[in-house]
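Colleague: I have a model on my screen and some questions about its cysteines and its sheet. Can we go through them briefly?

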Amino acid sequence: SNKRQRNELIYTAVSTQNARTTHEYMVRRFLKKPVGYPDHRMIELAIWSTWAEYKININESVVLEFANKIKENGFENSQLEIDDLWETCYGSFYVDTKRFPDLKRLNLQLKKMGFRVTIWIHPFINKGCEPWYSEALNKG
């Protein structure tokens, strides 16, 4: 992003004879063996994201309206992801209670409708998202 002064990425370079060897190494080194089975709906059915329809214009009623549209149009309901701008600022991990007064209640409503519910976690903290940005900056 041109809005950041600096981007820092850390890579691990791996050289092997073939893709299978590379995959097996990466699983051993980074992923480890699974401890259970994923919910089959994550693989077989759609993942519905609020971003696709609403971008940042979401709140509790918009998410419920989206879930109802999915069901009314006869689609399988699998997973619903609450995307962008559910938190007070990017990277705070604190729910914006103006938009989502009771996220736990919303989660339970969506689960009763048959959805698995996830939220998109930002892999960054925006400048100005205080006090979290300053804390992260101070800790390097």
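Modeller: Start with the cysteines. This is a predicted model. A disulfide here needs two cysteine sulfur atoms within 2.5 Å. By this rule the count is 1 disulfide.

Colleague: Which residues does the disulfide join?

Modeller: The S to S distance is 2.0 Å. The cut-off is 2.5 Å, so the pair counts as a disulfide. The residues joined are Cys89 and Cys129.

Colleague: How many residues apart are Cys89 and Cys129?

Modeller: Cys89 sits in the loop between strand S2 (79-82) and helix H5 (103-112). Cys129 sits in the loop between strand S3 (116-119) and helix H6 (132-138). The link ties distant parts of the chain, 40 residues apart.

Colleague: Is Cys129 buried or exposed?

Modeller: Buried means under 20% relative accessible area. Cys89 falls in that class, and Cys129 is also buried.

Colleague: What is the handedness of the link between Cys89 and Cys129?

Modeller: Look at the angle about the S-S bond. It is 70° for Cys89 and Cys129, and the link is right-handed.

Colleague: Now the sheet. Which strands are at the edges?

Modeller: The sheet is open, with 3 parallel strands in the order S1-S2-S3. An edge strand pairs on one side only. The edges are S1 (47-49) and S3.

Colleague: Which residue stands opposite Glu81?

Modeller: S2 and S3 pair in the parallel sense over 4 bridges. Opposite Glu81, in S3, stands Thr118.

Colleague: Which helix packs on the sheet?

Modeller: The helix touches S1 and S2. Its direction makes about 155° with that of S2. The helix is H4, residues 60-72.

Technical notes: Residues are numbered from 1 along each chain as its sequence is written. This is a predicted model: local features need pLDDT of at least 70, side-chain atom pairs count only at pLDDT 80 or more; totals for chains, interfaces and linings use all residues. Side-chain values use heavy atoms; hydrogens and water are left out. Helices (H or I, at least four residues) and strands (E, at least two) are DSSP runs, numbered from the N terminus. Buried means under 20% relative accessible area, exposed over 50%, partly exposed in between (1.4 Å probe, protein chains only). Two strands pair if DSSP finds at least two bridges between them. Contact means heavy atoms within 4.5 Å. Axes are lines fitted to C-alpha atoms, for helices over the stretch in contact, and angles run from 0 to 180 degrees between N-to-C directions.
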